[in-house]
Amino acid sequence: MTIRGHDAARTAFLAALDTGVLHHAWLLAGPEGVGKAGFAREAAWRMLALGAAEPLAPGLAVGEGSRTRALAEAGAHPDFRILRRLPKDADKPDSDLARSITIAQVRTLQPMFATMPALSARRVVIIDSIDDLERSGANALLKNLEEPPAGTIFLLVSHAPGKLLPTIRSRCRLLRFERLDDALTGTVLRDLLPEADEGEIAALVAAADGAPGRGLRFAGLDLARVDAAIAAIAADGDPDNMRRAALARQLAGKAAQERYEAFLDRAPSFIAHQARTRQGAALKTALDAHAAARDLAGAARGLSLDASGTIFEMAGLVARLHAA
């Protein structure tokens, strides 16, 4: 799918590409889920296809008929690598991912760097995301950024560039990516979810907060119903605890794990949105509730707190908005 939005980043990159002299490392920085990794893939295919003298239409995108794109999508292009977190169990690719990109993964690039590009005049390495690179891996990568292999372009995706080693940031040209507006976010989500109705798209746009990839995580979870339950508790205060108890019953079961995860995300976001419209004591109440909700969500994930109790407590924080 062609990446939408990010016109400034696209214009800057294409201008550099047209000169024929590209910086060897690019830092694609911005909020998670706005399309940085997709942009990196399109940019990589474009550079590789141009290096192979393929005929291309103007712009960044490379058509589906491209040999370069076909090989890259199949993981078979010898001049293209993507480093990302791997599954903990190699025999179960859908299992949980490792916590980091390891130094061993970085070292797998060295045999490629020891030879000339095979099919293109360039080779491209994407790291998605470099935020996940363990410290020893970052130091190993730094050596390649300091003395880049001939013809090699690095595209480093980052959601938190301020946390990277300054020595890595200083060797990269920065491309900034911003959140999309709601209209464009909706367009992207419709492209990705053609069978979703407008009610689901609207709920996902609200959850996305300008990052379609974030909204996509909640697809198929009946997010509108979760949001409606949160809004009802905020509006009425739930004095008899009935709504909180019902929500806990709906979301605490093992089969509802994904919807529970969505609730842990949506409740703090709802409180934060409410805070933007408040002043004085009501604002302080909302800010205090948001801080507590954010901490509770983090603890629930990190410490595996009891789901039913967590839902009840989180909904109680939402209920504070009614009193204020």
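Here is a short conversation about a helix pair and a sheet in this predicted model.

Author: Welcome! Local features here need pLDDT of at least 70 and side-chain atom pairs 80 or more, while totals for chains, interfaces and linings use all residues. Residues are numbered from 1 along each chain as its sequence is written, and side-chain values use heavy atoms, without hydrogens and water.

Reader: Why are α14 and α15 called roughly antiparallel?

Author: Helix α14 (residues 280-303) and helix α15 (residues 307-323) pack at about 165°, with axes 9 Å apart. Axes are lines fitted to C-alpha atoms, for helices over the stretch in contact, and angles run from 0 to 180 degrees between N-to-C directions. Angles over 145 degrees count as roughly antiparallel (under 35 roughly parallel, 65 to 115 roughly perpendicular, the rest oblique), so α14 and α15 earn the term.

Reader: Which residues of α14 and α15 meet?

Author: Among them are A289, A293 and L296 in α14, and M314 and L317 in α15; contact means heavy atoms within 4.5 Å. The residues of this contact divide into 10 nonpolar, two polar and three charged.

Reader: What makes β2 and β5 edge strands of the sheet?

Author: The order is β2-β3-β4-β1-β5, with parallel pairing, in an open sheet of five strands. Two strands pair if DSSP finds at least two bridges between them. β2 (80-83) and β5 (173-176) each have a single partner strand, so one side of each lacks a neighbour in the sheet.

Reader: How do you know that β2 pairs with β3?

Author: Four bridges join β2 to β3 (residues 123-128), and the two run parallel; I82 stands opposite I126 in β3.

Key:
Nonpolar A, V, L, I, M, F, W, Y, C, P; charged D, E, K, R; others polar.
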